[in-house]
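Trainee: Can we go through this one together? I'd like to start with a single chain and then look at how the chains meet.
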Amino acid sequence: MSDTTAHDEYARGGASELKTVAVILTFLAVLPFAFDMTVTYLANLLVRLLVFASLALALNIVFGHTNQLFLFVGALAGMGAYSTALLSDTVGVSPWLFYPAAGIVAGFIGLLVSYVAARRRMTVIVIAILTLSIQMALSEIFVGARDLTGGSTGTSFSGLELPMVVEALGVSGRLVTYYLLFVFLSVVLVGYWWMRNSKYGLAFTAIRQDEIASEAAGINVIRYKVVAGVVAATIIGLVGPLYAQSEGYLLPTMFSFQSVDVIVLIMLVLGGMRTIVGPFLGAGVIIVINELLQDTGQWRTAVLGGLLIVLFVYFREGIVPKTRAAWDSDRVQSLRSRDSDTDSDPET
Amino acid sequence: MAISTLLEITIDGFARGMLYALLGAGITLVFGLGSVLNLALGVFAVIAVIAGVVVLPTVAHPLLAALVGVAGVGVLSVVVDRTLLTSVYRSTGEERVTLGIFTTLGLEILLSGILYVYYPQTYAIPFDGNLINVAGIRIRSSSLFIIAVAGVLLLGLFLFLRRTYLGKATRTVFQDETGALLCGINPRKIRTLIFVLSAVLAAVAGILWSIQSTLSVSSAFEITIFGIIVSIVGGVRDIRGTVVAGILLGFVVTYANYYIGTYFSSVILFSVAVAVLIARPEEIS
């Protein structure tokens, strides 16, 4: 939560960040070739990686950059998924037609929350409790409105697929879902890169460092916070239906606080807030850890809880900033030893 | 509907409200005193019940078992305070708030994870309850027991904060930490005391809860959320407000449960919380 990392990133400039974006996207594009995607288990794992990386990226925008702690990521994704599913079901058309509704509904909730929060000058804890209460209320509705959602037993969901592609290329439906998520994530990631290097990135940093000072400097604090809230909520809402498609099911527990928000938070903090690679690295590490713990069975939850404590007490900066700091200091040292005969050391 | 039924529901609602008040007080004490939102409060309640059930065959009486459960949670809370909260209190301001949220959330998940492995069923402290007939109104004796025990505890808490030296010192830390330090009060010690007190309140609430309905590990987080809602509706830094809010919400939930249905009563509860947060966010921050 130190601000030196954000500052460093500005110094590095957008060009090297774009390289990072390209590397991540290339890696994700070829990742399925390294695995046997006909194995359902492996394919599901890769799809889940993209789902959770997108959610962590969205939380990075709203929490990392503008300090609005959204603890209703699961509920937003659920609202997105249920909107698409229920609308297309009622009208009786392909879910694709109502896919944008997922983003609109979730984005509207994000707009309301961010606007009210900014207007009422809510601190991070008030936003946390507010969104957690909304999460709980929506979870109750997902389970309780049995006629609509099928209650705790859920309903099956499919239709967000491209049968022509599956047939034309002769690949599995899961691979298509993976690449759908990949395209979605590419757009989000490039958008995020652009945001960081535009006036938005600057304004976010200014607001996070000193809200009153940035207001005095002419920054419309409310507007920037609302933009971050809407963008993040829309992304989360749009992930919802794709997540449901990948599971083939719509279950209230898929969108609960414990099964989404907790995991996404751990991923973001572990990877490193306000970094580009962080959400991906965090998602990757946690999904691998989760799979390794599969053998320990019921101990998984306990380990994740312990991990959350350790992370926050000792490791709040995350993997990416920590590694960068280590790498930087090495580089500085090597530069120093090389330049010592030509340049004078600025510190001496 | 018969007036007697209404009265019966009202007494049940009052009992539930007293439970909520205990949980709300548990949240309010720790948040008001150290800006730590204890998300692990519900686990303490569940642990007290499970510990009570485990020792029940050995101690042979439910009341003794309940006391062992509460004492166990007391010891656990000292350990948590000395280890986890020490690192939280080292940071200040908004950072302490976020760190408090995440470490106690981690603790909640860690403890529930461990409990799940060993105690995956539902648990309850046995209570020889019967229906008492007063002028045609049938009252559950367990409800009366809950009202009595919670009432005595809340009154005791209130007298402690108002009348004792230690209580006054506590309120000083509530209001002004630096001022308290200058008066020779050690805020850290007061915080330990208050954290243990809040855990004990939660433990008693859990045991009282379990004499009317069973508890499982998965109820833990829900119990925490109840406490938080009561606390914010009551205004986070005021025990009196918390108690009043707890009793009111107890009535609301019980009536809504009876007239509209369980799931809708929960939605009402969370909506009240959202409304209060939007109306008076400055009270909480």
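Trainee: How much of chain A is buried?
Mentor: This is a predicted model. In chain A, buried residues make up 53% of the 348 residues.

Trainee: What radius of gyration does chain A have, and what would a compact globule have?
Mentor: Chain A has 21 Å, which agrees with the value near 20 Å that a compact globule of 348 residues would have. Along the principal axes, its C-alpha atoms fill a box of roughly 75 × 50 × 40 Å.

Trainee: How many helices and strands are in chain A?
Mentor: Chain A has 16 helices and 2 strands. Of the contacts in chain A between residues at least 6 apart in sequence, 78% join residues at least 24 apart.

Trainee: Now the interface. How many residues does each chain put into the contact?
Mentor: Chain B gives 40 residues and chain A gives 37 residues.

Trainee: And what area do chain B and chain A bury between them?
Mentor: About 3600 Å², with 82% of it on carbon and sulfur atoms.

Trainee: How many salt bridges does the rule find across it?
Mentor: Between chain B and chain A, 0 salt bridges. The rule does find 2 residue pairs in polar contact across that interface.

Trainee: Which elements of chain B give two or more residues to the side that touches chain A?
Mentor: Helices H3 (62–90), H4 (93–118), H9 (219–234), H11 (262–279) and H12 (281–284) of chain B. The largest share of that side, 18 residues, comes from H4(B).

Trainee: What classes of residue are on that side of chain B?
Mentor: Where chain B touches chain A, there are 29 nonpolar, 7 polar and 4 charged residues.

Terms used:
Residues are numbered from 1 along each chain as its sequence is written. Chains are lettered from A and ligands numbered from 1 in the order in which they are written. This is a predicted model: local features need pLDDT of at least 70, side-chain atom pairs count only at pLDDT 80 or more; totals for chains, interfaces and linings use all residues. Side-chain values use heavy atoms; hydrogens and water are left out. Contact means heavy atoms within 4.5 Å. Buried area is the accessible area (1.4 Å probe) that two parts lose on being put together, summed over both. A salt bridge is a side-chain nitrogen of Lys or Arg within 4 Å of a carboxyl oxygen of Asp or Glu. A polar contact is a pair of N or O atoms within 3.5 Å; within protein, one must be able to donate a hydrogen and the other to accept it, and residues adjacent in sequence count only if both atoms are side-chain atoms. Helices (H or I, at least four residues) and strands (E, at least two) are DSSP runs, numbered from the N terminus. Ala, Val, Leu, Ile, Met, Phe, Trp, Tyr, Cys and Pro count as nonpolar, Asp, Glu, Lys and Arg as charged, and the others, Gly among them, as polar. The radius of gyration is taken over C-alpha atoms; the globule rule is 2.2 Å times the number of residues to the power 0.38. Buried means under 20% relative accessible area, exposed over 50%, partly exposed in between (1.4 Å probe, protein chains only).
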